[in-house]
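Please open the model in your viewer, with side chains shown as sticks, and follow the selections below in order.

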Amino acid sequence: MSPADQPLAETHAERLSRAFYRRPTLVVARELLGKSLVHLDAEGTRRAGRIVETEAYVGPHDAASHARIGQKGRAAVMYGPAGIAYVYLVYGLHHCFNAVTDVDGYPGAVLVRAVEPLENAERGNGPALVCRALGIDRSCTGLDLTASATLFLEDASEIPDGEIRTGPRIGVDYAGEWAAHPWRFWVVDSPHVSRPRITGTTLDPTMLG
């Protein structure tokens, strides 16, 4: 049995369940803050980072979401079960990790934009750097985060609302009015977020529905 196939050590936190992901995308994006993203590479090395920044992509009409093209191509996974990994390339160079959310048939995903290094990882202050730090690539697309032996998320204490900021998503100006939605979430005092100079707005829990 390779290290990647061995059961998790008892000292590690419980992994997130399907029920965690099968909720509204904004709720999942907020609650992923503070959780650990874990990847075991081909050599069995465990790499982990604490999530400090996320972005939500919500529904088939979100003009910033890949799901806007419908249930085809790389976006098809977003229409499937919650708790599945969606990893894609940008500019043909950089991988970005997302967790599929919400109910089957309604496309939602949360992009992990930044992590604080925990185990065998460099700083991941940007979505491409997250994947580089943890060794995640497109071969991870379609993995079940609730069952995979190599890619999953682990639970941790919830971060208080007062320590979270929200603001517009980054790099989606083409999406028109959708670009202004405050669907980016980050831990305000973390030095590992991708845009530390952006102030943002204190989280209003009512925006989560």
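Select arginine 30 to begin: in this predicted model the residue is buried, with a relative accessible area of 3%. Add glutamate 158 to the selection, and you will see the two side chains meet in a salt bridge, at 3.6 Å from N to O. This pair links distant parts of the chain, since arginine 30 belongs to helix α2 (residues 25–31) while glutamate 158 sits in the loop between β7 (151–154) and β8 (164–167), 128 residues apart. The acidic partner, glutamate 158, is exposed, its relative accessible area being 51%.

Next, select glutamate 31 together with arginine 23, whose side chains form a salt bridge of 3.1 Å, again from N to O. Here arginine 23 is partly exposed, with a relative accessible area of 23%.

Now turn to glutamate 53 and arginine 113, which meet through their side chains in a salt bridge of 2.9 Å, N to O. Glutamate 53 lies in strand β2 (residues 46–58) and arginine 113 in strand β5 (residues 108–119), so this salt bridge ties together parts that are 60 residues apart in sequence. Both of these residues are buried. Extend the selection to Glu55 and Arg184, and you have a network of salt bridges that links them with Glu53 and Arg113. In total, the structure holds 13 salt bridges.

From the charged pairs, move to the nonpolar interior. The largest nonpolar core has 40 residues, of which Leu37, Phe97, Ile136 and Leu153 touch the most other members. Select isoleucine 136 and display its surroundings: leaving aside residues up to four places away in sequence, isoleucine 136 touches Leu37, His39, Val87, His95, Phe97, Cys131 and Leu151. Apart from this core lies another one, of 16 residues, including Val77, Tyr79, Tyr88 and Cys96. In soluble globular proteins, nonpolar side chains tend to be buried together.

Which cysteine sulfur is closest to that of cysteine 96? Select cysteine 131 along with cysteine 96 to see the answer: the two sulfurs are 6.1 Å apart, and each is the closest cysteine sulfur to the other. That separation is too far for a bond, because a disulfide would require the sulfur atoms to be within 2.5 Å. Both side chains can be checked for burial as well, for cysteine 96 counts as buried at 4% relative accessibility, and cysteine 131 is buried with a relative accessible area of 2%. The structure as a whole holds zero disulfides.

Key: Residues numbered from 1 in each chain as written. Predicted model: local features only at pLDDT ≥ 70, side-chain atom pairs only at ≥ 80, totals over all residues. Heavy atoms only, no water. Core = buried A, V, L, I, M, F, W, Y, C linked by side-chain atoms within 4.5 Å. Buried < 20%, exposed > 50% of the residue type's maximum accessible area, 1.4 Å probe, protein only. Contact = heavy atoms within 4.5 Å. Salt bridge = Lys/Arg side-chain N within 4 Å of Asp/Glu carboxyl O. Helix = DSSP H or I, 4+ residues; strand = E, 2+ residues; numbered from the N terminus.
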